[in-house]
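Thanks for coming, everyone. I would like to take a few minutes to walk through one structure that most of you have not seen before, so please have a look at it with me.

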Amino acid sequence: MKNYERYLETTAEEYDKKTIMSYFCKTPSDRKILPFISEIKGKKILDVGLGTGYYTKFLINNNVVVGVDRNPHLCKLSIKLYDGDATELAKLVKAEKFDIVFSTWMTEYLDEE
Ligand SMILES: C[S@@+](CC[C@H](N)C(=O)[O-])C[C@H]1O[C@@H](n2cnc3c(N)ncnc32)[C@H](O)[C@@H]1O
């Protein structure tokens with residue numbers, strides 16, 4: 001089983017429920033990530049493994065954002081979304097160009113290779 005398959009049956013609402021881990025991990029990291037994100041303007045961004053788009057929703061205020069996820073059903077935002085694997089980005093986006101590739105809380109799902 002691939003790591004991302006754990007979300008196949010998960011709804012966006014279930015995914016976004018706050019857990020104890022949210023307070024220990026996400027809240028402290030948000031203090032750094034959210035000010036950083038708010039500085040990004042006028043870019044075309046590829047958000048890899050965007051999930052429900054927790055950070056994407058801040059990025060889309062000032063940028064064009066395209067998402068990639070193996071569980072695209074989680075994202076309800078009106079953005080272009082690729083259903084595909086982060087390890088095959090070139091095959092997915094082909095000739096489409098981006099200024100920034102953004103990814104949060106996703107790389108731990110990839111195997112070592
Ligand atoms: C913990 S969530 C993080 C979501 C969001 N980036 C955030 O910071 O809240 C990880 C997301 O990465 C996706 N994902 C994991 N491995 C992936 C892969 N190999 N290719 C594409 N998406 C993947 C999962 O489906 C899930 O939506």
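Let me start with the ligand, which in this predicted model is surrounded by 21 residues, the closest of them being Y4, G49, G51, A86 and Y109. If we sort that shell around the ligand by class, we find twelve nonpolar residues, together with six polar and three charged ones.

Stepping back to the chain, its secondary structure amounts to four helices and four strands, and when you read along the sequence these follow one another in the pattern α-α-β-α-β-β-α-β.

How are the strands ordered in the sheet? The four strands form an open sheet in the order β3-β2-β1-β4, and their pairing is parallel. At the edges we have β3, residues 80-83, and β4, residues 100-102, each of which pairs on one side only. Neighbouring strands of this sheet are turned against each other by 20 degrees on average, with direction ignored. To take one pair in detail, strand β2, covering residues 64-69, joins β3 in the parallel sense over four bridges, and V66 stands opposite K80 in β3.

Finally, a word on the overall form: the C-alpha trace of the chain spans about 40 × 35 × 30 Å along its principal axes. A compact globule of 113 residues would have a radius of gyration near 13 Å, and the chain, with 14 Å, agrees with that. Of the 113 residues, 19% count as buried, and among contacts between residues at least 6 apart in sequence, 40% join residues at least 24 apart.

Technical notes:
Residues are numbered from 1 along each chain as its sequence is written. This is a predicted model: local features need pLDDT of at least 70, side-chain atom pairs count only at pLDDT 80 or more; totals for chains, interfaces and linings use all residues. A residue is near a molecule or strand if its C-beta atom, placed from the backbone, lies within 6 Å of it. Ala, Val, Leu, Ile, Met, Phe, Trp, Tyr, Cys and Pro count as nonpolar, Asp, Glu, Lys and Arg as charged, and the others, Gly among them, as polar. Two strands pair if DSSP finds at least two bridges between them. Helices (H or I, at least four residues) and strands (E, at least two) are DSSP runs, numbered from the N terminus. Axes are lines fitted to C-alpha atoms, for helices over the stretch in contact, and angles run from 0 to 180 degrees between N-to-C directions. The radius of gyration is taken over C-alpha atoms; the globule rule is 2.2 Å times the number of residues to the power 0.38. A residue is buried if 20 or more other C-beta atoms lie within 10 Å of its own, exposed if 12 or fewer, and partly exposed in between; C-beta atoms are placed from the backbone. Two residues are in contact if their C-beta atoms, placed from the backbone, lie within 7 Å.
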